[in-house]
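Reader: I would like to learn how to read domains, interfaces and ligand sites from a set of coordinates. Please take me through one case.

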Amino acid sequence: MNFDFSDDLKLLKDEARKFLDDKSSPEVVRRVLEGPDGYDKALWNEMAAMGWTGASIPEELGGAGMGALGLCVLAEEIGRSLAPVPFASTMYFAAEALMAGGSDAQKKAWLPKIAKGEFIGTFALAEGPGKATPKRVRTTFRNGVLNGEKLPVPDGTAANLAVVVAQTDRGIGLVLADLSHAGVKREHVETLDESRKQARLTFANVPGELLGAAGDGERLLALIEQRAAILMAFEQVGGAQRCLEMARDYALERYAFGRPIGSFQAIKHKLADVYVATELARSNAYYGAWALSKNAPQLALAAATARVSANEAFWLAAKENIQVHGGMGFTWAFDCHLYYRRAKVLAVANGSTRLWKERLVSELESANAPG
Amino acid sequence: MDFEDTKEEAEYRASARAFLTTNAKPRTGKGMLYRAAHATEDVLAEARDWQKKKHAAGFAGITWPKEWGGQGLSAINQVIYDQEEAQFSVPRGIYEIGLGMCIPTVCTWGTQAQRDRYAVTALKGEEVWCQLFSEPAGGSDLAALRTSAVRDGDDWVINGQKIWTSGAHYCQYGVIVTRSDFDAPKHKGLTYFFLDMRSPGVEIRGIKQISGASHFNEVFFNNVRIPDSQRLGKVGDGWKVSLTTLMNERFTIGGRAGVDVDEFLELARGIELEDGPALKNPTVRDKIADWYVASRGLKYSHFRTMTALSRGDTPGPESSIGKLVTGPKLQNMSAMALDVLEQGGVITDPEVAPMAALFHQTLMTSPSARIAGGSDEIMRNIIAERVLGLPADVRVDKDVPFNKVPTGKAK
Ligand SMILES: Cc1cc2nc3c(=O)[nH]c(=O)nc-3n(C[C@H](O)[C@H](O)[C@H](O)COP(=O)(O)OP(=O)(O)OC[C@H]3O[C@@H](n4cnc5c(N)ncnc54)[C@H](O)[C@@H]3O)c2cc1C
Ligand SMILES: Cc1cc2nc3c(=O)[nH]c(=O)nc-3n(C[C@H](O)[C@H](O)[C@H](O)COP(=O)(O)OP(=O)(O)OC[C@H]3O[C@@H](n4cnc5c(N)ncnc54)[C@H](O)[C@@H]3O)c2cc1C
């Protein structure tokens with residue numbers, strides 16, 4: 001049994017933590033949250049220089065070749081530090097989509113640029129409030145061009161490249177689009193978490209290329225959502241862990257009724273519950289990482305399990321962190337709300353808990369079919 | 001990252017599986033139903049028989065040192081054996097306390113002669129041991145116990161009462177913590193012994209549990225004499241010795257505790273609700289997902305623990321969450337099972353409704369999973385204090401002579 005990350009990856013994780021403690025401090029996060037920039041460029045460039053934007057990309061395509069597991073450990077640290085960079089959009093969605101569905105030519109055209117940090121990618125699925133199911137997507141890809149509107153698109157103000165989910169003649173398709181084209185209009189939309197800005201993208205006859213074979217869109221979409229769910233689960237676990245530590249530290253320092261509030265069982269038991277949820281989520285994410293790294297047949301179930309567990313743990317940790325901080329937790333000046341925002345944004349970024357619970361049980365039904 | 005056994009582990013697993021396949025029946029949902037409500041002679045004989053076979057095959061006392069008559073192997077071997085055994089229907093319950101907690105304490109604190117006398121007989125299943133810790137006045141707060149031990153020549157004379165003693169009615173020996181000094185602060189005045197349960201003055205009365213079964217007892221001590229040679233640890237060091245017992249709670253990380261998602265799926269598949277099979281109902285599906293996530297989260301936490309053990313490291317604190325997750329899950333799952341069965345959910349007769357009966361059994365036993373061996377609240381305290389480093393509860397009884405400590409209603 002070796003259900004753990006390798007020593008090399010643990011070392012990478014330690015280095016990532018040190019780097020992000022320094023370079024992605026709450027002040028850096030707040031600068032993006034409160035400012036006009038879509039992300040922190042200096043931080044992004046340094047991450048690229050360290051090879052993070054090529055973590056999961058094979059070496060022959062200019063990446064660091066660390067595989068999915070390398071991306072998992074980085075994701076956890078990025079989640080912990082709330083790094084205000086388009087890492088999730090670029091790495092968990094765009095790069096994963098290219099690797100899963102791209103032709104050799106497409107991979108060669110885009111992945112080296114992503115690995116170098118020159119290109120920011122994103123994934124454009126939603127078309128306003130409600131769930132954009134394959135049937136409901138209205139954006140079209142016909143005769144080689146995209147038309148329609150995507151809203152909200154994470155990191156859509158900064159991205160160079162989008163994987164756009166659109167109707168084709170053969171069901172939905174995943175379409176690669178260069179966002180520098182004149183037919184792309186982008187507009188920042190205000191969202192819950194301005195530390196990673198989102199946009200409305202409008203496509204008017206924008207040329208694109210289909211990822212994968214015609215008619216394969218639905219399968220690809222499911223696969224990318226599953227892979228991204230696991231990677232994102234690591235971000236969420238990192239965030240939940242940080243909330244737990246913030247709450248614990250505050251509970252030790254803050255006195256009420258002549259005692260540290262951390263000595264009241266109402267607080268102790270609350271934090272014990274957060275600890276349990278976080279550990280469950282971590283273990284479920286580990287299993288997801290294993291499924292991801294092995295392309296295991298259990299991927300769909302592992303992804304749903306990791307996703308539901310991580311959504312719930314980060315949300316619990318983020319809201320109880322505010323609670324433990326009392327009135328202070330409700331202030332802009334304290335960092336609790338940064339995590340509270342991120343928790344909820346990540347919880348809907350790739351399908352809600354409700355949706356993934358449904359997927360989970362569907363998987364169980366087929367896995368446990370009688371006979 | 002993988003789940004592969006090392007070569008040695010795989011060999012060990014294969015040998016365990018071979019032993020179990022030859023000697024035990026595979027586990028089935030029905031086999032989980034109603035393990036005898038009372039420990040009848042038949043049930044005990046079956047358990048004895050099984051323990052004897054296990055010992056003969058070298059699967060008893062796996063982690064115990066050779067000087068105790070054990071196999072001298074590592075915790076990972078125990079986990080592997082447990083994982084394999086969990087797939088079979090075997091009667092092992094009556095030995096868990098003795099072999100898991102009592103004998104390790106006797107061996108740690110006793111003489112080599114005592115190890116030679118008691119350890120192997122227990123491993124072979126010839127003698128069963130119980131744990132006489134809890135009292136009416138001391139459960140979670142074990143150190144509040146008041147059963148007294150008074151020195152008299154070469155003996156100690158014991159008076160008082162223990163309660164919740166699992167298996168006392170079929171055990172030959174027991175370990176007991178007593179109070180030898182009522183003037184000392186509460187943790188300082190305790191002394192630990194082991195005793196023959198057939199000693200004159202020991203009276204055992206069964207307690208009927210909410211399930212109707214009687215697995216535990218009240219045990220009364222009326223001038224019971226225990227030779228000083230059966231004292232473990234120094235006079236007044238009983239708390240320290242007790243911790244050995246409590247820390248030896250065996251690794252249960254390989255096995256499965258009671259019903260789980262599979263059994264619920266089986267039930268939900270077969271039941272019709274107003275809108276079709278229960279398994280298609282969104283409310284039911286929501287719950288199934290919750291339990292699956294909890295159950296898997298624990299399973300994979302166990303894999304992390306196993307990984308540490310496999311490398312010879314000490315497992316991290318994640319190994320402490322199991323009880324807190326499983327107890328409430330069992331209880332909620334059985335409650336939901338009855339809901340899904342609607343009016344038929346009241347039927348307990350396994351002949352009429354086997355799946356209903358299985359969940360009834362869980363409904364009526366799961367409360368104990370949240371109390372025995374550290375209640376949910378005590379487990380949360382432990383996590384908050386030992387893992388998160390939050391302050392211990394304010395203590396009003398510290399450094400106060402025991403006979404000045406406030407007591408509540410201790411019936
Ligand atoms: C929106 C808002 C408006 C407000 N308006 C006013 C106002 O107009 N006037 C005014 O005077 N105040 C006001 N307050 C202050 C409010 O009353 C306090 O925030 C509240 O009493 C909590 O105190 P605290 O913030 O110091 O938190 P703390 O007392 O430090 O509490 C921190 C955490 O410890 C817990 N805790 C504390 N003591 C115990 C205990 N004994 N047992 C268990 N847990 C405990 C708390 O529940 C909380 O989770 C306002 C607060 C808010 C958020
Ligand atoms: C099936 C079963 C088998 C058992 N077998 C044995 C056995 O073989 N030998 C043996 O010695 N004992 C045995 N026990 C006893 C068991 O260890 C105790 O029941 C347990 O420690 C709880 O003690 P109590 O019942 O006195 O409850 P109490 O300690 O009176 O607890 C009552 C409630 O108060 C809560 N509480 C107590 N202290 C605190 C605190 N500090 N903070 C917050 N909440 C608190 C508890 O969580 C619980 O909810 C068994 C119990 C059961 C149910």
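Author: The turns below go through the domains, the chain interface and the ligand sites of this predicted model.

Reader: Let us start with domains. Which domains does the assignment give for chain A?

Author: A domain may be one run of residues or several, and its bounds come from an automatic or database assignment. In chain A, domain 1 takes in 7-87 + 102-115, domain 2 covers 121-214 and domain 3 covers 218-367. For chain B the division is domain 1 (7-128), domain 2 (130-249) and domain 3 (257-387).

Reader: How do I read the relation between two domains? Take domain 1 and domain 3 of chain A: how many residues are in contact?

Author: Begin with the distance between centres, then count contacts, then look at area. The C-alpha centres of domain 1 and domain 3 of chain A are 21 Å apart. Contact involves 17 residues of domain 1 of chain A and 23 residues of domain 3 of chain A. About 1700 Å² is buried between these two domains, with 63% of it on carbon and sulfur atoms. On the domain 1 side, A:Arg30, A:Arg80 and A:Leu82 lose the most area to domain 3 of chain A, and together they make up 36% of what that side buries.

Reader: Which polar interactions go with that area, and how many salt bridges are found across the interface of domain 1 and domain 3 of chain A?

Author: Three salt bridges are found across the interface of domain 1 and domain 3 of chain A. A:Arg80 pairs with A:Glu245 in a salt bridge, where the closest N and O atoms are 2.7 Å apart. Nine residue pairs are in polar contact across the interface of domain 1 and domain 3 of chain A. Helix H2 (26-34) and helix H4 (67-81) of chain A each give at least two residues to the domain 1 side that touches domain 3 of chain A. H4(A) gives the most to this side, with 10 residues. Sorted by class, the domain 1 side that touches domain 3 of chain A has 11 nonpolar, two polar and four charged residues.

Reader: For contrast, what does the same reading give for domain 2 and domain 3 of chain B?

Author: The C-alpha centres of domain 2 and domain 3 of chain B lie 33 Å apart. Four residues from domain 2 of chain B and five residues from domain 3 of chain B make the contact. The area buried between domain 2 and domain 3 of chain B is about 340 Å², 68% of it on carbon and sulfur atoms. The count of salt bridges between domain 2 and domain 3 of chain B is zero. Polar contact across this interface of chain B is found for zero residue pairs. The side of domain 2 of chain B that touches domain 3 of chain B consists of one nonpolar, two polar and one charged residue.

Reader: Now the two chains. How many residues of chain B are in contact with chain A?

Author: An interface between chains is read with the steps used for domains. Here 51 residues of chain B are in contact with 48 residues of chain A. Chain B and chain A bury about 4400 Å² between them, and 63% of that is on carbon and sulfur atoms. There are 10 salt bridges between chain B and chain A. One of them joins the side chains of A:Glu365 and B:Arg285, at 2.9 Å from N to O. The interface of chain B and chain A also has 27 residue pairs in polar contact.

Reader: Which helix supplies the largest share of the side of chain B that touches chain A?

Author: Helices H7 (261-270), H8 (282-310), H9 (322-340) and H11 (376-387) of chain B each supply at least two residues of that side. The largest share, 18 residues, comes from H8(B). By class, the side of chain B that touches chain A has 26 nonpolar, seven polar and 18 charged residues.

Reader: Next, the ligands. Which residues are around ligand 1?

Author: List the surrounding residues, then pick out polar atoms that face the ligand. Around ligand 1 the residues include A:Arg254, A:Phe257, A:Gln323, A:Gly327 and A:Phe330. The side chain of A:Arg254 has an N or O atom 2.6 Å from an oxygen atom of ligand 1. A:Gln323 has a backbone N or O atom 2.6 Å from an oxygen atom of ligand 1.

Reader: And why is the site of ligand 2 shared between chains?

Author: The site is shared because residues from chains A and B surround ligand 2. A polar side-chain atom of B:Ser375 lies 2.5 Å from an oxygen atom of ligand 2.

Conventions:
Residues are numbered from 1 along each chain as its sequence is written. Chains are lettered from A and ligands numbered from 1 in the order in which they are written. This is a predicted model: local features need pLDDT of at least 70, side-chain atom pairs count only at pLDDT 80 or more; totals for chains, interfaces and linings use all residues. Side-chain values use heavy atoms; hydrogens and water are left out. Contact means heavy atoms within 4.5 Å. Buried area is the accessible area (1.4 Å probe) that two parts lose on being put together, summed over both. A salt bridge is a side-chain nitrogen of Lys or Arg within 4 Å of a carboxyl oxygen of Asp or Glu. A polar contact is a pair of N or O atoms within 3.5 Å; within protein, one must be able to donate a hydrogen and the other to accept it, and residues adjacent in sequence count only if both atoms are side-chain atoms. Helices (H or I, at least four residues) and strands (E, at least two) are DSSP runs, numbered from the N terminus. Ala, Val, Leu, Ile, Met, Phe, Trp, Tyr, Cys and Pro count as nonpolar, Asp, Glu, Lys and Arg as charged, and the others, Gly among them, as polar. A residue is near a molecule or strand if one of its heavy atoms lies within 4 Å of it.
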